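The following exercises treat one structure step by step. Each consists of a task and a worked solution.

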Amino acid sequence: AQSSVTLFGIVDATFNHGRADGGSRVTQLTNSGYNSSRLGFRGTEDLGGGMSASFWLEAGISNDDGRAGGGIPAGNQATTVAGNTGLNFNRRSTVSLAGGWGELRLGRDYTASFWNLTVFDPFGTNGVGTNTMLLGAATLAPSGTSGVAVRASNTIGYFLPPNLGGFYGQAQYWMGENDDALGVGEDNGSGFGLRIGYGQGPFNVALGWQRTNYEGAGLDDFRSWNLGGQWDFGMAKVMAQYGRDEGAAGGATGVDGRGWLIGALVPVGAGEVRASYSEYRFDFNVAGAPEPRARKFAVGYVHNLSKRTAVYATIARIRNSDGFVGGPRFALGASSFAAGTVNGSSTGYDIGIRHSF
Amino acid sequence: AQSSVTLFGIVDATFNHGRADGGSRVTQLTNSGYNSSRLGFRGTEDLGGGMSASFWLEAGISNDDGRAGGGIPAGNQATTVAGNTGLNFNRRSTVSLAGGWGELRLGRDYTASFWNLTVFDPFGTNGVGTNTMLLGAATLAPSGTSGVAVRASNTIGYFLPPNLGGFYGQAQYWMGENDDALGVGEDNGSGFGLRIGYGQGPFNVALGWQRTNYEGAGLDDFRSWNLGGQWDFGMAKVMAQYGRDEGAAGGATGVDGRGWLIGALVPVGAGEVRASYSEYRFDFNVAGAPEPRARKFAVGYVHNLSKRTAVYATIARIRNSDGFVGGPRFALGASSFAAGTVNGSSTGYDIGIRHSF
Amino acid sequence: AQSSVTLFGIVDATFNHGRADGGSRVTQLTNSGYNSSRLGFRGTEDLGGGMSASFWLEAGISNDDGRAGGGIPAGNQATTVAGNTGLNFNRRSTVSLAGGWGELRLGRDYTASFWNLTVFDPFGTNGVGTNTMLLGAATLAPSGTSGVAVRASNTIGYFLPPNLGGFYGQAQYWMGENDDALGVGEDNGSGFGLRIGYGQGPFNVALGWQRTNYEGAGLDDFRSWNLGGQWDFGMAKVMAQYGRDEGAAGGATGVDGRGWLIGALVPVGAGEVRASYSEYRFDFNVAGAPEPRARKFAVGYVHNLSKRTAVYATIARIRNSDGFVGGPRFALGASSFAAGTVNGSSTGYDIGIRHSF
């Protein structure tokens with residue numbers, strides 16, 4: 001085999017502190033405050049006639065303590081392999097054939113509906129600034145860490161080619177791989193996702209949608225759709241998102257959620273100021289029940305020492321309201337402290353270094 | 001340390017379906033339908049005077065869901081580390097010194113007797129086409145996934161040099177690494193393997209043999225020998241195998257097995273048609289007991305888009321006969337559905353992409 | 001991301017035998033008899049103005065059986081992830097910024113106090129020759145395999161720049177990352193380390209110190225200090241160490257230990273003779289209690305086939321004395337047999353190949 005591999009990665013270390021009203025207070029050296037730490041292998045082969053083949057194997061790494069890999073739900077379902085038990089390609093693991101007709105991509109990949117949440121978030125769903133829309137959706141998908149709200153295994157994906165006058169899109173099907181003879185449960189973890197967008201000049205907007213099947217007692221489909229966009233004014237890039245989730249877990253009527261975000265990236269010399277405000281609200285579909293809500297504000301600064309190396313700081317505060325005992329409460333994203341009291345707030349910050357290679 | 005590493009691998013994704021009479025039906029995106037998916041690191045250093053040192057670290061990857069690594073039985077014995085818990089060099093992990101006298105190789109390696117099963121199988125023991133001789137032998141070796149029927153840890157191996165007028169061969173010793181003070185069980189997992197062959201022009205034939213010790217209640221040695229060969233007629237490469245296994249598991253008298261295969265590879269333009277017929281029969285060494293038998297036919301086509309990239313399809317059918325309740329039944333190789341009813345059949349296919357780097 | 005990664009590693013395979021009086025006898029193909037087997041990725045980026053950024057990801061590998069990775073204690077505390085469950089960067093996982101002022105290093109790293117134990121040991125704490133000072137200290141630190149006696153997670157480290165007229169040094173802080181709201185136990189696994197040394201011409205000497213906090217029933221701080229040095233006489237490099245440990249485990253008054261080593265490296269043609277004598281003694285801080293003691297002698301020879309490849313042999317014998325039933329007994333380092341009878345001896349040898357890349 002001729003070798004033609006690009007070895008790439010990111011090592012992002014963060015000094016992080018978070019605390020919740022009546023909850024826990026944690027100070028740690030953690031990772032991925034700006035960009036997710038990773039180690040990957042990828043390559044592309046030109047097959048002639050406009051065709052190419054490529055592969056992408058990307059593993060998450062926990063560089064603060066050396067652990068590697070992450071939990072991968074079996075067949076996209078709730079049973080999870082324990083996280084951090086050794087390097088695996090939990091972030092992405094695909095092989096593709098591409099041509100003028102687009103790209104066929106097979107393997108573990110991001111779900112189409114995740115892209116809007118991260119692309120149109122000034123904090124890219126990393127660190128204490130992670131938006132509440134992802135945090136909320138992740139609690140409603142029953143399959144492991146963030147589950148199919150972020151990635152799915154066993155996907156067959158199709159991507160439109162890049163030369164469609166600004167239009168882009170993808171469709172995905174993922175398989176739960178259960179025994180068809182099972183009857184109930186045979187479709188657990190199977191799902192479908194779509195994303196369609198348009199980007200031209202300073203403008204970019206996209207719509208994402210997904211549905212994953214869950215079957216069994218107290219389980220229903222998990223569905224999400226979201227709309228995100230940005231306008232680059234030069235002196236600032238302004239972003240917005242809106243999305244709705246129908247949860248798979250919960251009682252007879254299920255729990256739903258909806259959220260929105262507005263944010264901006266402001267270039268300042270060799271750096272960038274980042275800010276976002278987001279909100280998420282749960283709906284228990286019970287008349288008169290409160291709808292627990294979280295509101296979050298995050299602001300930060302990234303200073304680029306080079307294209308590959310940056311130092312950064314972020315501070316975020318999240319306020320819970322309309323909560324009830326036993327109901328959902330939000331802590332900051334990517335901080336490992338427990339949420340505090342009902343209707344309590346949480347505050348945290350990251351100070352870190354991001355080095356890519 | 002001067003770096004001189006070759007990074008290599010294969011990403012093979014397969015759309016697979018299999019079903020068994022009265023058993024399960026599974027549709028999945030899986031891996032390794034044509035060649036086993038892997039990621040590896042290897043290199044050779046010239047030491048002068050005809051001597052060289054080399055290393056080889058090769059990990060299995062499950063690229064359909066991003067999991068990596070595989071189960072490695074501790075000391076070649078039945079206790080298995082759970083599979084897919086993170087990257088490890090389960091496929092091969094060796095360091096070698098080589099010279100005009102041959103090669104000394106230390107570490108985890110293929111067992112000598114496995115080579116005939118895969119080299120002289122048109123499907124190379126991958127995908128639904130995997131021959132019944134490997135499937136049968138794997139059930140008789142008690143040490144984890146396929147056990148010492150395929151690989152052994154803690155091996156000390158010697159390989160003849162490549163310039164012996166067509167003759168080739170290897171000898172291996174592997175260690176169970178038990179406490180000698182144990183008494184019973186001290187040799188569990190220790191074994192020995194040999195392979196000797198002759199290949200010249202269109203002709204190639206080899207004999208393999210191995211014995212692995214198991215001790216304790218209901219355990220006996222696992223022994224295998226096999227003979228394989230091929231003749232390349234240009235328009236077709238014809239292959240055949242015959243082998244016998246004496247099982248380690250089973251009752252007082254033990255269970256044995258024997259099987260054979262005939263197959264062919266036929267070049268067709270940029271592709272290759274593959275076909276094989278194989279049979280395996282268990283012998284319970286009980287007078288009058290039935291001898292459960294499986295007969296399998298597989299046919300497929302591989303289309304090479306380049307030396308590194310191919311698309312392929314395989315279909316296979318296996319028929320069980322002479323079975324009894326509780327006795328062994330075969331499903332297709334490398335498909336994850338359960339075997340069906342006594343004397344039932346199974347059918348399956350693979351459609352996939354193999355990309356190497 | 002521009003790629004600029006150095007892929008490096010060591011594959012060291014050892015035929016090893018060890019036996020203890022009244023204990024176990026094990027023969028095995030193991031690893032890391034001369035240098036620890038590993039696979040790593042590292043790189044440095046010049047940021048201009050004397051500044052640089054770098055990363056280092058290094059995993060232990062068990063090349064005799066293909067397993068990879070090692071146990072990483074959660075938050076430097078006694079709970080350990082089971083070893084060898086898949087590749088992780090248990091050996092080192094750091095990102096750094098460096099300049100004329102020194103280096104800031106974040107992540108999992110060696111503890112400052114470990115360096116004297118390995119740098120001034122002719123056997124580098126590898127194989128059967130591993131000195132008793134490390135073996136003793138490792139039993140007194142409660143956090144997994146060798147625990148913070150060797151490495152710590154979540155470290156913030158500072159290293160002096162290299163141009164200080166022979167002076168060198170480092171300071172480290174590591175975090176247990178517990179919830180501050182816990183009260184008791186909130187500092188478990190947090191610690192601090194220092195090392196300061198002077199090396200000029202043939203002379204090199206350094207002092208190391210560390211303290212790790214443990215809280216709870218029967219737990220106290222683990223503290224170590226050690227002093228090591230060497231003088232290179234040309235025909236021989238002579239080394240010596242002395243150190244004391246205050247254990248975290250044990251009764252009301254705790255268990256302490258102290259040890260020393262003297263050793264030499266003698267160049268012989270393309271090879272090197274290695275020899276050391278070391279002693280370690282436990283102090284139970286109970287009047288009249290015996291102080292179990294181990295004395296160890298090791299001698300070996302390394303023959304370099306090239307800069308990257310060597311063959312080696314080591315033989316070691318350890319004598320226990322002043323022991324009592326239930327008290328600590330030493331086996332040889334890095335051999336997997338159980339210690340024998342009270343006051344018994346152990347003997348073992350390594351014969352191996354070390355190949356680096």
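**Exercise 1. Locate B:P328 and describe its surroundings.**

Solution. Step 1: B:P328 lies in the loop between β17 and β18 of chain B; strands (E, at least two residues) and helices (H or I, at least four residues) are DSSP runs, numbered from the N terminus. The model is predicted, so local features need pLDDT of at least 70, side-chain atom pairs count only at pLDDT 80 or more, and totals for chains, interfaces and linings use all residues. Residues are numbered from 1 along each chain as its sequence is written, chains are lettered from A and ligands numbered from 1 in the order in which they are written, and side-chain values use heavy atoms, with hydrogens and water left out.

Step 2: The relative accessibility of B:P328 is 27%, so this residue counts as partly exposed. The classes are buried (under 20% relative accessible area), exposed (over 50%) and partly exposed in between, with a 1.4 Å probe and protein chains only.

Step 3: Leaving aside neighbours within four places in sequence, B:P328 is in contact with B:F282, B:F284 and B:P292, where contact means heavy atoms within 4.5 Å. From B:P328 to B:N343 the C-alpha distance is 9.9 Å, with their positions 15 residues apart in sequence.

**Exercise 2. Determine which parts of the chain are joined by the salt bridge of A:E58 and A:R91, and examine the pair of C:R293 and C:D322 likewise.**

Solution. Step 1: A salt bridge is a side-chain nitrogen of Lys or Arg within 4 Å of a carboxyl oxygen of Asp or Glu. Over all chains, the structure holds 33 salt bridges.

Step 2: A:E58 and A:R91 form one of them, at 2.6 Å from N to O. A:E58 belongs to strand β4 (residues 51-62) of chain A and A:R91 to the loop between β5 (67-68) and β6 (92-99), so the pair ties together parts 33 residues apart in sequence. A:E58 is buried at 3% relative accessible area, and A:R91 is buried at 9%.

Step 3: In chain B, the side chains of B:E58 and B:R91 also meet in a salt bridge of 2.6 Å, N to O. Both B:E58 and B:R91 are buried.

Step 4: In chain C, the closest N and O atoms of the salt bridge between C:R293 and C:D322 are 3.8 Å apart. C:R293 is in strand β16 (residues 293-304) and C:D322 in the loop between β17 (309-321) and β18 (345-356), so this pair links distant parts of the chain, 29 residues apart. C:R293 is buried at 19% relative accessible area, whereas C:D322 is partly exposed at 37%.

**Exercise 3. Describe how helix α2 of chain C is placed.**

Solution. Step 1: Eight of the nine residues of α2(C) (residues 132-140) are buried, so the helix is largely enclosed by the rest of the structure. The buried residues include C:T132, C:M133, C:L134 and C:L135.

Step 2: At the start of α2(C), a side-chain oxygen of C:N131 comes to within 2.8 Å of the backbone nitrogen of C:M133.

**Exercise 4. Characterise the interface of chain C and chain A.**

Solution. Step 1: The contact involves 41 residues of chain C and 35 residues of chain A.

Step 2: The two chains bury about 3200 Å² between them, 65% of it on carbon and sulfur atoms; buried area is the accessible area (1.4 Å probe) that two parts lose on being put together, summed over both. In chain C, the residues losing the most area to chain A are C:E45, C:V95 and C:E177, together 16% of what that side buries.

Step 3: There are zero salt bridges between chain C and chain A. Twelve residue pairs are in polar contact, both residues at pLDDT 80 or more. A polar contact is a pair of N or O atoms within 3.5 Å; within protein, one must be able to donate a hydrogen and the other to accept it, and residues adjacent in sequence count only if both atoms are side-chain atoms.

**Exercise 5. State whether the radius of gyration of chain A agrees or disagrees with that of a compact globule.**

Solution. Step 1: The radius is taken over C-alpha atoms, and the globule rule is 2.2 Å times the number of residues to the power 0.38.

Step 2: For 357 residues a compact globule would have a radius of gyration near 21 Å, and the 20 Å of chain A agrees with this. Buried residues make up 58% of the 357 residues in chain A.
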